[in-house]
Amino acid sequence: MEKFLNVGYDNNVNLRKVVAVLSSNSAPSKRMIKIARESQLYVDATEGNKTLSILIMESGHIVASAVMPKTLRTVSYTHLRAHETKAN
């Protein structure tokens, strides 16, 4: 069964497909957003709010989220640990 990560406003991504969670404030993050928009690989899940974090997906898509990166990392780590515990 797949686990999904809520990236805000009832928008979810497949947790197993997330490669990284980054702050959107850094220059490299802003460049990645620009390139993803040009390549049509940008998904805006902010519902018009300020982008606080970006998720890099296995497919190369960049997902913008209005949730703090620390919150996303904490939730994703908890979900992954719970899944590993059930497997053992």
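Biologist: Why is Asn49 called partly exposed in this model?

Modeller: First, a friendly reminder that this is a predicted model. The relative accessibility of Asn49 is 35%. Buried would need under 20% and exposed over 50%, so Asn49 counts as partly exposed.

Biologist: Where does Asn49 sit?

Modeller: Asn49 is in the loop between strand S4 (42-44) and strand S5 (53-57).

Biologist: How do you know that Asn49 touches Ala66?

Modeller: A contact asks for heavy atoms within 4.5 Å, and Asn49 has such contacts with Tyr9 and Ala66, leaving aside residues up to four places away in sequence. Asn49 and Ala66 are 17 residues apart in sequence, while their C-alpha atoms are 6.2 Å apart in space.

Biologist: And what makes the meeting of the Asn49 and Tyr9 side chains a polar contact?

Modeller: The distance there is 2.7 Å. The cut-off for a pair of N or O atoms is 3.5 Å, with one atom able to donate a hydrogen and the other to accept it. The two side chains therefore make a polar contact.

Biologist: Let's turn to charges. How many salt bridges does the structure hold?

Modeller: The structure holds 1 salt bridge. The side chains of Glu58 and Lys17 form a salt bridge.

Biologist: Why is the pair of Glu58 and Lys17 called a salt bridge?

Modeller: Their N to O distance is 3.8 Å, and the limit is 4 Å between a side-chain nitrogen of Lys or Arg and a carboxyl oxygen of Asp or Glu. The pair therefore qualifies. Glu58 lies in the loop between S5 and strand S6 (62-65), and Lys17 in the loop between strand S2 (11-14) and strand S3 (18-23), so the salt bridge ties together parts that are 41 residues apart in sequence.

Biologist: Are Glu58 and Lys17 buried or exposed?

Modeller: Glu58 has a relative accessible area of 53%, so Glu58 is exposed, given the cut-off of over 50%. Lys17, at 40%, is partly exposed.

Biologist: Now the sheet. What makes S3 and S4 its edge strands?

Modeller: The sheet is open, with 4 strands in the order S3-S5-S6-S4 and mixed pairing. S3 and S4 each pair on one side only. From one strand to the next, the twist averages 20°.

Biologist: How do you know that S3 and S5 pair?

Modeller: Pairing takes at least two bridges, and 5 bridges join these antiparallel strands. One of the bridge partners is Ser53 in S5, matched with Ser23.

Biologist: Which strands does helix H1 touch?

Modeller: Helix H1 (residues 27-38) packs on the sheet and touches S3, S4, S5 and S6. The directions of H1 and S5 make an angle of about 55°.

Key
Residues numbered from 1 in each chain as written. Predicted model: local features only at pLDDT ≥ 70, side-chain atom pairs only at ≥ 80, totals over all residues. Heavy atoms only, no water. Helix = DSSP H or I, 4+ residues; strand = E, 2+ residues; numbered from the N terminus. Buried < 20%, exposed > 50% of the residue type's maximum accessible area, 1.4 Å probe, protein only. Axes fitted to C-alpha atoms, helices over the stretch in contact; angles between N-to-C directions.
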